[in-house]
Amino acid sequence: MSASEQSEKQSSAQHITTKTGRILRVTDEQLAAAAAAKAAASSIPDPARRKDVLFRVRREEGHELSSWWMIGAFLLTASIVVALLSGVPGGA
């Protein structure tokens, strides 16, 4: 390889800075491959949006269900079971 060929290859490389501050040298071929991979990944359906999934919901980042809802549901279910079982004859 001559010096002019090396300088042409180096000029086609781009410098990209990541979120962590790392500087990467990226060629046009690598950018095209990344774009093709991203396009292929976007065609994959979201599993949370399948028709056979009833209660799974994709929420925004950081938006979570409060644990108090689960505690309340447990207490309500337990109290209903105790109330129904108290009507069964032969209990203590």
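User: What pLDDT does the protein average?
Analyst: The average is 78, and 73% of the residues score at least 70. This is a predicted model.

User: Where is confidence lowest, and where is it highest?
Analyst: Helix 1, residues 3–12, is the low point, with a mean of 52. Helix 3 is the high point, at 95.

User: What does low pLDDT mean for reading the coordinates?
Analyst: Where pLDDT is low, the predicted coordinates should not be read in detail.

User: OK. How many helices and strands are there?
Analyst: Three helices and two strands. Starting at the N terminus, the order is α-β-β-α-α.

User: Now the strands. Which way do strand 1 and strand 2 run, parallel or antiparallel?
Analyst: Antiparallel. Strand 1 covers residues 14–17 and strand 2 covers residues 23–26, with four bridges joining them.

User: Which residue in strand 2 is the bridge partner of Gln14?
Analyst: Val26.

User: And the partner of Thr17?
Analyst: Thr17 has Ile23 as its bridge partner in strand 2.

User: How many residues sit between the strands in that hairpin?
Analyst: Five. Gly21 in this hairpin has a positive phi, near 95°.

User: Switching to helix 3. What span should it have, and what does the model give?
Analyst: Helix 3 runs over residues 67–86, which is 20 residues. At 1.5 Å a residue, the expected span is 28 Å. The C-alpha atoms at its ends lie 29 Å apart, so the two agree.

User: How many of its 20 residues are buried?
Analyst: Zero, so helix 3 lies largely in the open.

User: What about the whole protein, how much of it is buried?
Analyst: Of the 92 residues, 4% are buried. The exposed area is about 8,700 Å². Carbon and sulfur atoms supply 62% of that area.

User: Which residues form the nonpolar patch on the surface?
Analyst: Trp68, Ile71, Phe74 and Leu75. Together they have about 500 Å² of accessible area.

User: Where is Ile71 placed?
Analyst: Ile71 is in helix 3.

User: Why does Ile71 count as partly exposed?
Analyst: Because its relative accessibility is 38%. Buried would need under 20%, and exposed would need over 50%.

User: Quick recap on helix 3?
Analyst: Helix 3 has the highest mean confidence, at 95. None of its 20 residues is buried. Its end-to-end C-alpha distance is 29 Å, in agreement with the expected 28 Å.

Terms used: Residues are numbered from 1 along each chain as its sequence is written. This is a predicted model: local features need pLDDT of at least 70, side-chain atom pairs count only at pLDDT 80 or more; totals for chains, interfaces and linings use all residues. Side-chain values use heavy atoms; hydrogens and water are left out. The expected span of a helix is 1.5 Å times one less than its number of residues. Buried means under 20% relative accessible area, exposed over 50%, partly exposed in between (1.4 Å probe, protein chains only). Two strands pair if DSSP finds at least two bridges between them. Patches are made of residues with over 30% relative accessible area and no salt bridge: like charges are joined within 9 Å, nonpolar side chains (Val, Leu, Ile, Met, Phe, Trp, Tyr) within 5 Å. Accessible areas come from the Shrake-Rupley method with a 1.4 Å probe; for residues, only the protein chains shown count as cover. A salt bridge is a side-chain nitrogen of Lys or Arg within 4 Å of a carboxyl oxygen of Asp or Glu. pLDDT is the predictor's confidence in each residue, from 0 to 100.
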